[in-house]
Amino acid sequence: LFDLYPVTHALIDDGFVHVEYLGMFVMGAVFVTAQSMWARMASLRWFGLAIALGSWVVLVLMRPGGVLAHGVVAAFQWSALVAVFGFGWVHLNRDSPFRSQLNEAVFPVYVLHQTIIVLGSHLLRPLQLRPLVEAPILIAATFVLAYSGYALIRRRARLRRWFGLRKALPV
């Protein structure tokens with residue numbers, strides 16, 4: 001599909017990305033109701049982490065493009081999801097005030113992260129850093145800035161609505 005439908009990020013005319021993300025959406029809808037799936041991902045978390053790290057190294061070292069690169073990207077995406085969900089199921093599958101706050105942060109952080117990545121990449125580009133140096137900087141900056149943005153947004157009543165947060169309860 002990638003060769004037939006190049007990525008445009010258009011709302012209507014982006015066949016490859018629509019198929020890719022529709023698949024992930026459907027899988028997510030299935031996973032949320034399948035308790036045995038969560039336990040299986042928990043049992044495969046270390047294997048998923050190993051595959052994700054290995055495919056990431058291959059991606060860093062290989063030239064972009066071609067069917068092989070798309071296969072490596074797919075392996076990276078799915079194995080990383082298995083690892084994250086598996087570790088999350090084992091270590092975070094309990095209620096706590098911290099989990100409640102993280103749950104509220106999901107949408108604002110999601111909204112902010114892409115802008116931070118794009119701007120960060122643009123600002124780091126002139127430095128011509130190797131991917132092994134640039135990636136951790138970009139990941140750390142995205143995490144810190146997106147979560148800091150959420151911390152600011154949650155304290156401002158006017159911003160809460162724009163980032164999908166309910167009205168703040170009186171303290």
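Let me begin with Val26, which is partly exposed, with a relative accessible area of 41%. This valine belongs to helix α1, and together with Leu22, Phe25 and Val30 it makes a nonpolar surface patch of about 390 Å². Before anyone reads much into that patch, I should say that what we have on the screen is a predicted model, and that helix α1, residues 15–33, has the lowest mean pLDDT among the elements of the protein, at 82. The opposite end of that ranking is helix α3, residues 45–61, where the mean pLDDT is 96. For the protein as a whole the average pLDDT is 88, and 96% of the residues score at least 70.

Now the overall architecture. The protein has seven helices and zero strands, so that, read along the sequence, the pattern is simply α-α-α-α-α-α-α. The C-alpha trace spans about 55 × 45 × 35 Å along its principal axes, and of the 171 residues in the protein, buried ones make up 19%.

Let me turn to helix α3, and to a residue that I would ask you to look at in the structure, namely Arg45, which lies in that helix. Where, then, is the nearest side chain of opposite charge to Arg45? That side chain is Asp95, and it is 19 Å away, which leaves Arg45 buried yet without a salt bridge. What the side chain of Arg45 does reach is the backbone oxygen of Ala42, at 2.6 Å. Further along helix α3 we come to Val57, which is partly exposed, with a relative accessible area of 40%. The C-alpha atom of Val57 is separated by 12 Å from that of Ala75, a residue 18 positions away along the chain.

That brings me to the charged pairs. Side chains of opposite charge can pair when their charged atoms come close. How many salt bridges does the model contain? The count comes to three, and I will take them in turn.

One of them joins the side chains of Arg99 and Asp95, with an N to O distance of 3.9 Å; since the cut-off for a salt bridge is 4 Å, I would describe that pair with the distance stated alongside it. Arg99 counts as partly exposed, at 34% relative accessibility, whereas Asp95 is exposed, with a relative accessible area of 71%. This is the Asp95 that I named a moment ago as the nearest side chain of opposite charge to Arg45.

Another salt bridge brings together the side chains of Glu104 and Arg154, at 3.5 Å from N to O. Because Glu104 lies in helix α5 and Arg154 in the loop between α6 and α7, this pair ties together parts that are 50 residues apart in sequence. Both partners are partly exposed: Glu104 has a relative accessibility of 25%, and Arg154 has a relative accessible area of 29%.

The remaining salt bridge is between Arg160 and Glu104, whose side chains meet at 3.0 Å, N to O. Here Arg160 lies in helix α7 and Glu104 in helix α5, so the pair ties together parts that are 56 residues apart in sequence. Unlike its partly exposed partner Glu104, Arg160 is buried, with a relative accessible area of 7%. Through their shared partners, the salt bridges join Glu104, Arg154 and Arg160 into one network.

While we are in helix α5, which covers residues 97–124, let me point out Leu102, a partly exposed residue with a relative accessible area of 34%. The C-alpha atoms of Leu102 and Tyr150 are separated by 10.0 Å, although the two residues are 48 residues apart along the chain.

I would like to finish with a point of backbone geometry. Most residues other than glycine have a negative phi. Which value does phi take at Gln128? Phi there is near 50°, a positive value in a residue other than glycine. Gln128 is found in the loop between α5 and α6, and it counts as exposed, at 71% relative accessibility.

To gather the threads, then, this is a predicted model of seven helices and zero strands, with a buried Arg45 that has no salt bridge, and with Glu104, Arg154 and Arg160 joined into one network by salt bridges that share partners.

Note on methods:
Residues numbered from 1 in each chain as written. Predicted model: local features only at pLDDT ≥ 70, side-chain atom pairs only at ≥ 80, totals over all residues. Heavy atoms only, no water. pLDDT = per-residue confidence, 0-100. Helix = DSSP H or I, 4+ residues; strand = E, 2+ residues; numbered from the N terminus. Patch = residues over 30% accessible without salt bridge, like charges linked within 9 Å, V, L, I, M, F, W, Y side chains within 5 Å. Areas by Shrake-Rupley, 256 points an atom, 1.4 Å probe, with all protein chains shown as cover. Buried < 20%, exposed > 50% of the residue type's maximum accessible area, 1.4 Å probe, protein only. Lys, Arg positive; Asp, Glu negative; His and termini not counted. Polar contact = N/O pair within 3.5 Å; in protein donor to acceptor, adjacent residues only side chain to side chain.
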